[in-house]
Amino acid sequence: MAFSERVTRLKSSLIREILAAAQRPQVMSFAGGLPAEAMLPALSWEGMPLNIGQYGMSEGEPHLRELLAAEARTLGVPCQASQVMVVSGSQQTLDLAAKLYIDKGTKVLLEGPTYLAALQIFQLFGADCLTVQLEADGPNLGALRANLERHRPAFIYLIPTFQNPSAVRYSEAKRAAVAALLDEFGVTLIEDEPYRELTFDGASAQPIAGRLKKASWIYTGTVSKTLLPGLRVGYLIASPDLFPHLLKLKQSADLHTNRVGQWQAMQWIGTQKYQQHLAQLRSFYRERRDAFQAALERHFGDLADWQVPQGGLFFWLTLKHKLDTRTLLAQALDQDVAFMPGEPFFSEPDQHHGSLRLNFSHIDPARLDEGLKRLAAVVRQAQHAQAA
Ligand SMILES: Cc1ncc(COP(=O)(O)O)c(C=O)c1O
């Protein structure tokens, strides 16, 4: 069959395969990035006008765009509603950005590790994905400067607040330094922030986009982690030079975003009810994070190192004795445990053995200890086999 040449680069998603395996009810899953079921808010559809079922504007509902722009301005991102586009989940922003910038061989710069689905989509369009090493407080600035200088990438893709998968939150100093470097080299920023609201200590984390003086930018967010992923409502805010191009690309992908979902999002964003829901979400996840940390200390203390995440949904473990964690998956699933191997979060997976991403938000607390105990046993067994 004659498919397009880009289809040869289409990889199956490891996450999807693991999530499919994790559907079995007995499986204790640390794999996905799913919100806790108990925290999905009950929705009221009362008062939704009938004409919301009609075709709408490609840019999104005007009132929702106003609300999102106002929220972004409070975070220091200078923007008008005319720069806001509602999209079908922030995943669509990555698709539109890839179409806007990437030809075969186009260099793009990403954090190492980075969001798996971003890597997949950029590689599908043929990007040469370069990596800047991530430290506990953000990217290594020397490496960032060297990459920008040497490769002049088409854009840099960053997740500065509770990064997926590493949970890293950039310091204020690194945010400022990154913005200054992007201005210096004129490299476009794509800033992806699905986890910003899930903060456990409330510390400052102003977006990088708002600090840029010259470089173009796309800032993207979503209600997937704060309301419901099922709504499929995300948004992008772009510098005025990029917006018209992104709008045309959106129109060729789908005519508009789910208007029913947008109507629901408008019942929440900017309201007191939403603030209360976010406060409940934060304390619920903080408790889950604390319970997870205690169980990790019990079972992984001698096996791995990690930072306690101050927000987001993940722990990122680095094994003290490196091994390819992809090889642990089958044994873990045999034990009814699912997790995400760390290797696929890097553009060169074989050079980055030995990390695991563990989601702490979704596991039933009654099964948390047993799940981590079994996973630790699988790691221990593999390390013995390797040493033998
Ligand atoms: C970093 C990152 N970007 C984007 C997404 C996609 O979110 P959405 O449901 O809005 O498409 C996720 C979801 O896990 C994510 O972790």
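By class, the residues that line the second largest cavity comprise 6 nonpolar, 4 polar and 1 charged. The structure described here is a predicted model, and this cavity has a volume of about 40 Å³. Its lining is formed by Leu-110, Glu-111, Gly-112, Thr-114, Leu-119, Cys-129, Leu-130, Thr-131, Phe-345, Phe-346 and Ser-347. Two strands, β3 (107-112) and β4 (128-135), each supply at least two residues of this lining. The second largest cavity also draws on both domains, with at least three lining residues from each of domain 1 (5-40 + 274-387) and domain 2 (54-271).

The search of the whole structure that found this space returned 2 cavities of 30 Å³ or more. The largest cavity has a volume of about 200 Å³. Its lining consists of 17 residues, and those that lie nearest its centre are Glu-71, Glu-197, Thr-222, Tyr-235 and Tyr-274. Helix α2 (62-74) and the strands β8 (217-222) and β9 (234-238) each contribute at least two residues to the lining of the largest cavity. The class composition of that lining is 10 nonpolar, 3 polar and 4 charged residues.

The domain assignment divides the protein chain into domain 1 (5-40 + 274-387) and domain 2 (54-271). Domain 1 is therefore assigned as two stretches of sequence, 5-40 and 274-387, whereas domain 2 is given as the single range 54-271. The centres of the two domains, taken over C-alpha atoms, are separated by 25 Å. Contact between them involves 37 residues of domain 1 and 36 residues of domain 2.

Both domains also take part in the second largest pocket, whose lining includes at least three residues from each of domain 1 and domain 2. This pocket encloses about 560 Å³ of space. Its lining counts 24 residues, with Ala-136, Ser-166, Val-168, Gln-307 and Trp-316 lying nearest the centre. Strands β4 and β11 (314-319) are the elements that give two or more residues to the lining of this pocket. Of the elements, β4 gives the most, with 3 residues. By class, the pocket lining has 11 nonpolar, 9 polar and 4 charged residues. Strand β4 thus recurs in the description, as it supplies residues to the lining of the second largest cavity and to that of the second largest pocket.

Cysteine residues were examined for covalent pairing, and a search of the whole structure finds 0 disulfides. Two cysteines can be placed by their accessibility. Cys-79 counts as buried because its relative accessibility is 2%, under the 20% limit. Cys-129, which belongs to the lining of the second largest cavity, likewise counts as buried, at 9% relative accessibility.

Two peptide bonds adopt the cis form. One joins Gly-112 and Pro-113, with omega about 5 degrees. Pro-113 is found in the loop between β3 and α4 (116-124), and its partner Gly-112 is one of the residues lining the second largest cavity. The other cis peptide bond joins Asn-164 and Pro-165, with omega about 20 degrees. Pro-165 lies in the loop between β6 (155-158) and α6 (172-185).

Backbone geometry is also notable at two arginines. Arg-152, although not a glycine, has a positive phi of about 40 degrees. This residue is placed in the loop between α5 (141-151) and β6. Arg-232 is not a glycine either, and its phi is positive at about 55 degrees. The loop between β8 and β9 holds Arg-232, and those two strands are among the elements that supply the lining of the largest cavity. Arg-232 is partly exposed because its relative accessible area, 35%, falls between the limits of 20% and 50%.

A further residue, Gln-91, illustrates packing between parts of the chain that are separated in sequence. Gln-91 is located in helix α3 (residues 90-101) and is partly exposed, with a relative accessible area of 29%. When neighbours within four places in sequence are left aside, Gln-91 is in contact with Tyr-115, Ala-117 and Ile-121. For one of these, Ala-117, the separation from Gln-91 is 26 residues in sequence and 8.0 Å in space, C-alpha to C-alpha.

Definitions and conventions. Residues numbered from 1 in each chain as written. Predicted model: local features only at pLDDT ≥ 70, side-chain atom pairs only at ≥ 80, totals over all residues. Heavy atoms only, no water. 1 Å grid on protein atoms, 1.4 Å probe; cavity = no way out; pocket = protein on both sides within 12 Å on 5 of 7 lines; lining within 4 Å. Points joined across faces, edges and corners; volume = space filled by probe spheres on them. Helix = DSSP H or I, 4+ residues; strand = E, 2+ residues; numbered from the N terminus. Nonpolar A, V, L, I, M, F, W, Y, C, P; charged D, E, K, R; others polar. Disulfide = S-S within 2.5 Å. Buried < 20%, exposed > 50% of the residue type's maximum accessible area, 1.4 Å probe, protein only. Contact = heavy atoms within 4.5 Å.
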